[in-house]
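I opened a fresh notebook page for this one. Here is the model I was looking at.

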Amino acid sequence: MTMYNLYLTATGIDISREEMLKVGERIVNLERAFNALCGLSRDDDRFPEMWFEPLETIDEPKIRRPLTDYYRKVELTREDVRRMFD
């Protein structure tokens with residue numbers, strides 16, 4: 001189920017997908033404003049360190065999987081993630 005479908009199911013309000021994107025942007029902006037009021041800044045935006053430790057499968061043979069891009073083509077470094085936040 002997509003977030004769009006979840007929104008429709010939860011609210012019963014039928015909006016376009018474009019309006020849904022605007023709603024999402026407003027939510028993020030409101031969260032950022034609230035965080036700023038609480039004293040948080042851009043320096044507080046970071047992934048937990050454990051995200052950069054490769055995951056290991058539980059099945060044999062053990063396979064270690066690092067944090068990658070959506071297509072699992074490029075391993076992401078801390079610097080890559082920092083640039084995403086920018």
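My entries below cover the pocket, the salt bridges and the aromatic pairs.

**Entry 1: ground rules**

I am working with a predicted model here. For side-chain atom pairs, I count them only at pLDDT 80 or more.

**Entry 2: the largest pocket**

I started with empty space. Rolling a probe the size of a water molecule over the atoms shows where such space is left. How much space lies in the largest pocket? I get about 310 Å³. Next I looked up the lining, which has 13 residues. Leu55, Arg65, Pro66, Leu67 and Thr68 are the ones that lie nearest the centre of the pocket. I then sorted the lining by residue type and found seven nonpolar, two polar and four charged residues.

**Entry 3: salt bridges between a loop and the helices**

On to charges: side chains of opposite charge can pair when their charged atoms come close. How many salt bridges does the structure hold? I find seven.

I looked up Asp45 and found that it forms a salt bridge with Arg32, with the closest N and O atoms 2.7 Å apart. Asp45 sits in the loop between α2 (17–37) and β1 (55–56), while Arg32 belongs to helix α2, so this pair ties together parts that are 13 residues apart in sequence. I also checked Arg32 for exposure: its relative accessible area is 40%, so I noted it as partly exposed.

Glu49 came next, and its salt bridge partner is Arg78. Their closest N and O atoms are 2.7 Å apart. Glu49 is in the loop between α2 and β1, and Arg78 is in helix α3 (residues 78–85), so the pair ties together parts that are 29 residues apart in sequence. Are these two buried or partly exposed? Glu49 is partly exposed at 49% relative accessibility, and Arg78 is partly exposed at 47%.

**Entry 4: charges within helix α3**

I stayed with helix α3 and looked up Arg83, which forms a salt bridge with Asp80. I read 2.6 Å between their closest N and O atoms. Both residues lie in helix α3, three residues apart, which is about one turn of the helix. A polar contact of 2.6 Å also joins the side chains of Asp80 and Arg83.

Which residues are linked with this pair in a network of salt bridges? The network holds Glu79, Asp80, Arg82 and Arg83.

The exposure of the two partners was worth a note. Asp80 has a relative accessible area of 18%; buried means under 20%, so Asp80 counts as buried. Arg83, at 48%, counts as partly exposed.

**Entry 5: aromatic pairs**

Last, I searched the whole structure for paired rings and found two aromatic pairs. In one, the rings of Phe47 and Trp51 have their centres 4.2 Å apart and their planes at 35°, so I logged the pair as tilted. Phe47 is partly exposed at 26% relative accessible area, and Trp51 is partly exposed at 44%.

Is the pair of Tyr70 and Tyr71 stacked or edge-to-face? Their ring centres are 5.1 Å apart and the planes are at 90°, so the pair is edge-to-face. I checked accessibility here too: Tyr70 is exposed at 75%, and Tyr71 is exposed at 61%.

Terms used: Residues numbered from 1 in each chain as written. Predicted model: local features only at pLDDT ≥ 70, side-chain atom pairs only at ≥ 80, totals over all residues. Heavy atoms only, no water. 1 Å grid on protein atoms, 1.4 Å probe; cavity = no way out; pocket = protein on both sides within 12 Å on 5 of 7 lines; lining within 4 Å. Points joined across faces, edges and corners; volume = space filled by probe spheres on them. Nonpolar A, V, L, I, M, F, W, Y, C, P; charged D, E, K, R; others polar. Salt bridge = Lys/Arg side-chain N within 4 Å of Asp/Glu carboxyl O. Helix = DSSP H or I, 4+ residues; strand = E, 2+ residues; numbered from the N terminus. Buried < 20%, exposed > 50% of the residue type's maximum accessible area, 1.4 Å probe, protein only. Polar contact = N/O pair within 3.5 Å; in protein donor to acceptor, adjacent residues only side chain to side chain. Phe/Tyr/Trp six-rings, centres within 6.5 Å; stacked < 30°, edge-to-face > 60°.
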